[in-house]
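Biologist: I have a model open and want to learn how to read it. Where do we begin?

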Amino acid sequence: MSIINIDKELCTGCRRCANVCPVGAIKGEQGKVQTIDEHKCVVCGQCVQICSSYASQFDTEITSIDLKLKERGMLEGTKEPLFAAYNMGQVDLLKKYLSDDNKYKIVQCAPAVRVALAEEFGMEFGKLTPGKMASALKKLNFDRVYDTNFAADLTIMEEGSELIKRVTEGKNLPMFTSCCPAWVKFAETEYPEILNHLSSCKSPQQMAGTIFKTYGAEIDNIDPSTILSVAVMPCTCKQFECDREEINSSGYKDVDIVITTRELAYLIKDMGIDFINIDDEEFDKPLGEYSGAGTIFGSTGGVMEAALRTGYELITKKSIPNIDLKFVRGGQGLRTATVEVGDLNLNIAIVSGLKNVIPVIESIKEGKCDFHFIEVMTCPEGCVSGGGQPKLLIEEHRDVAYKKRKESIYDHDSNLKIRKSHENPAIKKLYDEFLKEPLGHKSHHLLHTNYVSRKEI
């Protein structure tokens with residue numbers, strides 16, 4: 001079973017999925033069952049978001065709903081329509097592990113999850129609920145509830161240092177971000193010749209997983225072999241990422257199971273937790289402590305803004321004049337700017353939507369690209385519109401939901417006391433006690449990776 005699938009019994013051949021696929025991986029004639037080219041597919045799940053062909057609980061002329069739920073890795077008794085395009089779930093597997101007392105269960109949550117999870121419980125679009133989410137996860141029997149935002153801050157420390165090094169040495173420029181696994185798979189499949197332009201930094205999900213099973217195991221005095229590392233993500237491609245063979249620098253598989261925002265909602269409902277009325281709790285420390293820079297990773301332009309906040313101060317040794325860099329914020333498309341960082345005029349680009357990166361790559365191949373740093377996100381508005389987010393059943397709601405989720409992300413950032421990754425005290429402590437320095441020997445071993453060509457010859 002692949003991560004992204006189309007149910008042959010339910011597909012009507014409307015081709016809405018093909019129209020949103022950024023890489024043309026969905027094949028088929030109008031009115032006939034569609035198929036997915038797994039090699040081209042970047043597992044972004046936009047087809048899952050747009051699909052409107054479904055089976056209800058009352059359909060009796062197809063394979064039973066109970067069997068379909070089981071085949072899709074979903075929880076028994078889930079009460080909602082089953083759509084033709086779907087992602088293979090992990091929540092049924094996770095539920096079994098949650099009752100296993102021999103496992104030390106650690107969970108992390110991506111920044112875009114907390115601005116969308118509440119929609120699954122009937123709350124308004126973009127409702128921000130980090131405290132309710134942390135509280136619900138503790139009731140689900142996790143031993144540690146951490147935040148991927150912490151690792152987003154860690155990513156900025158490593159990626160910002162890597163950018164400074166490349167600019168200083170004039171090598172492998174422009175440098176692309178590597179947080180989005182669908183973008184990485186696209187580059188590996190279609191343009192392996194530019195892989196040396198990708199940052200070698202693991203994504204925040206994978207940095208978190210590595211730190212949990214090394215530093216985290218030390219501070220909790222836990223045998224890392226007993227840790228079950230779980231990630232809650234807005235992205236269907238994160239399961240593909242955590243299953244990559246090379247992502248095991250902790251000595252174990254760094255992240256064991258990924259569930260989506262929707263799957264977390266299924267689990268909370270299945271366990272009878274009253275999400276709307278549950279009291280807020282905080283994420284555990286130190287690996288759940290984060291800055292505003294970490295939280296804006298969930299929106300397009302967020303990684304760039306976070307990197308500029310820290311990069312400016314590391315290079316100039318001065319406070320950044322204005323912390324809200326609104327010129328990098330926006331929606332789907334290509335945005336560019338030149339930023340004065342000390343004596344350097346840093347040329348940057350923000351790409352949202354994979355089709356928009358192709359002209360940039362072609363300009364690199366022609367030797368005509370003068371950007372230093374480029375952020376790429378596959379989904380239309382970044383992670384807030386990821387394939388694993390709550391499904392928007394009415395098309396008119398889509399733009400409103402994305403707008404509200406993004407507003408909540410930036411509100412959350414602006415209301416935090418610490419808004420720069422390098423000022424996160426837990427990050428400073430991690431380097432002091434364990435990693436020692438960005439791009440150092442231990443950091444390089446645990447937090448960086450490499451890429452492989454997947455191009456068919």
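Modeller: With the cysteines, and with a reminder that this is a predicted model. A disulfide needs two cysteine sulfur atoms within 2.5 Å. The closest cysteine sulfur to that of cysteine 379 belongs to cysteine 44, 5.2 Å away, so the pair is too far for a bond. Cysteine 379 is buried, with a relative accessible area of 10%.

Biologist: How many disulfides does a search of the whole structure find?

Modeller: Zero. Cysteine 237 is in none either; its nearest cysteine sulfur, in cysteine 235, is 5.2 Å away. Cysteine 237 counts as buried because its relative accessibility is 0%; the cut-off is under 20%.

Biologist: Next, helices. How do I check the length of H6?

Modeller: Start with the general idea. An α-helix has 3.6 residues a turn, so residues three or four places apart point the same way. For the length, use 1.5 Å a residue. Helix H6 covers residues 148-169, which is 22 residues, so it should span 32 Å. The C-alpha atoms at its ends are 31 Å apart, which agrees.

Biologist: Is H6 enclosed, and how many of its residues are buried?

Modeller: 17 of its 22 residues are buried, so H6 is largely enclosed by the rest of the structure.

Biologist: What should I look for at the ends of H6?

Modeller: At the start, look for a side chain that reaches a backbone nitrogen. Here a side-chain oxygen of aspartate 147 comes to within 2.8 Å of the backbone nitrogen of asparagine 149. After the helix, check phi. Glycine 170 follows H6, and its phi is positive, near 70°.

Biologist: Where else does a glycine take a positive phi?

Modeller: In the hairpin of E12 and E13. Read the strands, then the turn. Strand E12 (residues 333-341) and strand E13 (residues 344-352) run antiparallel, joined by nine bridges. Glutamate 340 has asparagine 345 in E13 as its bridge partner. Two residues lie between the strands, and glycine 342 has a positive phi near 65°.

Biologist: Which residue of H12 lies 5.4 Å from glycine 342, C-alpha to C-alpha?

Modeller: Threonine 316, 26 residues away in sequence. Threonine 316 is in helix H12 (residues 302-316). Leaving out residues up to four places away in sequence, it touches Val341 and Gly342.

Biologist: Is threonine 316 buried or exposed?

Modeller: Buried, because its relative accessibility is 16%. Now read its polar contacts. Its side chain reaches the backbone oxygen of tyrosine 312 at 2.7 Å. A polar atom of that side chain also lies 3.1 Å from the backbone nitrogen of lysine 318.

Key: Residues numbered from 1 in each chain as written. Predicted model: local features only at pLDDT ≥ 70, side-chain atom pairs only at ≥ 80, totals over all residues. Heavy atoms only, no water. Helix = DSSP H or I, 4+ residues; strand = E, 2+ residues; numbered from the N terminus. Expected span 1.5 Å × (residues − 1). Buried < 20%, exposed > 50% of the residue type's maximum accessible area, 1.4 Å probe, protein only. Polar contact = N/O pair within 3.5 Å; in protein donor to acceptor, adjacent residues only side chain to side chain. Contact = heavy atoms within 4.5 Å. Pairing = 2+ DSSP bridges.
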